[in-house]
Amino acid sequence: SDPTAHAGSIKSISKLPSSNGFATVGSDRRIITWNLALIKRSGITKVDGKKANAKKEEEEIKGGAPVITLQMVHEIELTETPLFVRYAKLAANHKTFHKSQNEDGTQTNTSNELYAVGLQDNNIQLFYADSNKRFLVLYGHKLAATDVDFSDDGQLIASVGIDKALRFWGADFGDCHRSIHAHDDYVTRVIFVPGTHYCFTSSLDGSVKHWDGDTWTMIQQFRSHQRGLYSLCLNSNGSHFGSAGADKCLRVFS
């Protein structure tokens, strides 16, 4: 049977850094972490069959094949409605571990990999990816945040929102390095270029902009769409990006 996920609409989904599952957030104010599992069905599996007279009957088939199923592994209740969830995926040489205090007094090793949840109260909560413990809250957006991304060295966080702003944050203490009025309409996506502190943003004003996260300056602007953009993606080395929007066009740039 299908696992029960959320008691309302699902707002966002994000793949885990390990690639063996994903996390979802929903209007029921829950974060749920799921793992993908391969289960071998032994014995008899029942399926629907059809006879010549078109009447359905159940046939018994021996030796069922393995099936992929979802397993709920963790759940967090939030006080505000979440809008999105985004996981950091750090380069292997930038992963670090430190001791974390548990509620029962014991200590565990916690990595510096994080995930972010944007909330309806305009704040962004950061959690540790391995322990799901709360780490920091990013305050500053005047309206709800719409997207977050992490540099793969774990040093910078970029966030965008309905307030048309692009904000750069330090990942260690959650301090805001700079807030930029980035677009003329609300900003829909932000993505870091792998291995750099450069990032791209897209907006409902129809433009894509290229930014330097260290100097907080715009490098380049692309304006080829006639209407607002809803989606933006980069290839693995950042040499190409694709954008799609309300003008029903998909464009690829290099």
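This is a short walk through one predicted model, from the whole chain down to a few single residues.

Okay, the chain as a whole to start with. We have zero helices here and 23 strands. The chain has 254 residues, and 45% of them count as buried. If you take the contacts between residues at least 6 apart in sequence, 43% of those join residues at least 24 apart. As for the outside, the chain exposes about 13,800 Å², and carbon and sulfur atoms supply 49% of that.

Let's go to the front end. His-6 sits in the segment before β1, which is residues 10–15. Is His-6 buried or exposed? It's buried: the relative accessible area of His-6 is 12%, and the cut-off for buried is under 20%, so it qualifies. Now look at what the side chain is doing. It makes a polar contact of 2.8 Å with the side chain of Thr-24, and there's another one, at 3.0 Å, to the side chain of Asp-28. If you skip the neighbours within four places in sequence, the contacts of His-6 are Thr-24, Val-25, Gly-26, Asp-28, Arg-30 and Ile-32. So if you have the structure open, click on His-6 and then on Thr-24 and Asp-28, and you'll see those two side-chain pairs.

Next, one loop residue on the way down the chain. Asn-122 is in the loop between β10 (114–119) and β11 (124–128). What is the phi of Asn-122? About 80°, so positive, although Asn-122 is not a glycine. Keep that in mind, as we'll meet another residue like this at the end.

On to cysteines, for anyone thinking about sulfur chemistry. A disulfide is a covalent bond between the sulfur atoms of two cysteines. How many disulfides turn up in a search of the whole structure? Zero. I'll mention two cysteines here. Cys-176 is partly exposed, with 34% relative accessibility, whereas Cys-199 is buried, at 0%.

Cys-199 takes us to Lys-209, because Cys-199 is on the contact list of that lysine. Lys-209 lies in strand β19, residues 208–212. Here's a lysine that counts as buried, since its relative accessibility is 12% and buried means under 20%. Where does the side chain go? It reaches the backbone oxygen of Ala-182, at 2.7 Å. Beyond the four-place neighbourhood in sequence, Lys-209 is in contact with Ala-182, His-183, Cys-199, Phe-200, Thr-201, Met-218, Gln-220 and Gln-221. For Gln-220 I also have a C-alpha distance: 5.9 Å from Lys-209, with the two positions 11 residues apart along the chain count.

Ala-182 comes back when we look at Thr-217. That threonine is in strand β20, residues 217–222. From C-alpha to C-alpha, Thr-217 and Ala-182 are 9.9 Å apart in space, and they're 35 residues apart in sequence. Thr-217 is partly exposed, at 39% relative accessible area. Its side chain has a polar contact of 2.9 Å with the side chain of Thr-215. Leaving out residues up to four places away, Thr-217 touches His-210, Trp-211 and Asp-212.

Last stop, the end of the chain. Strands of a sheet pair through backbone hydrogen bonds, either parallel or antiparallel. What is the strand order in the open sheet of three strands here? It runs β21-β22-β23, and the pairing is antiparallel. At the edges are β21 (229–234) and β23 (250–253), each pairing on one side only. On average, neighbouring strands in this sheet are turned by 20° against each other, ignoring direction. Between β21 and β22, which is residues 241–245, there are five bridges. If you want a spot to find that pairing on screen, Leu-232 stands opposite Ser-243 in β22.

And here's the other residue I promised. Lys-248 is in the loop between β22 and β23. Its phi is near 65°, again a positive value in a residue other than glycine. Is Lys-248 buried or exposed? Exposed, with a relative accessible area of 80%. Put that beside Lys-209, which is buried at 12%, and you have two lysines to go and look at.

That's it from me. Happy to rotate the structure if anyone wants to see one of these spots again.

Definitions and conventions: Residues numbered from 1 in each chain as written. Predicted model: local features only at pLDDT ≥ 70, side-chain atom pairs only at ≥ 80, totals over all residues. Heavy atoms only, no water. Helix = DSSP H or I, 4+ residues; strand = E, 2+ residues; numbered from the N terminus. Buried < 20%, exposed > 50% of the residue type's maximum accessible area, 1.4 Å probe, protein only. Polar contact = N/O pair within 3.5 Å; in protein donor to acceptor, adjacent residues only side chain to side chain. Contact = heavy atoms within 4.5 Å. Pairing = 2+ DSSP bridges. Axes fitted to C-alpha atoms, helices over the stretch in contact; angles between N-to-C directions. Disulfide = S-S within 2.5 Å. Areas by Shrake-Rupley, 256 points an atom, 1.4 Å probe, with all protein chains shown as cover.
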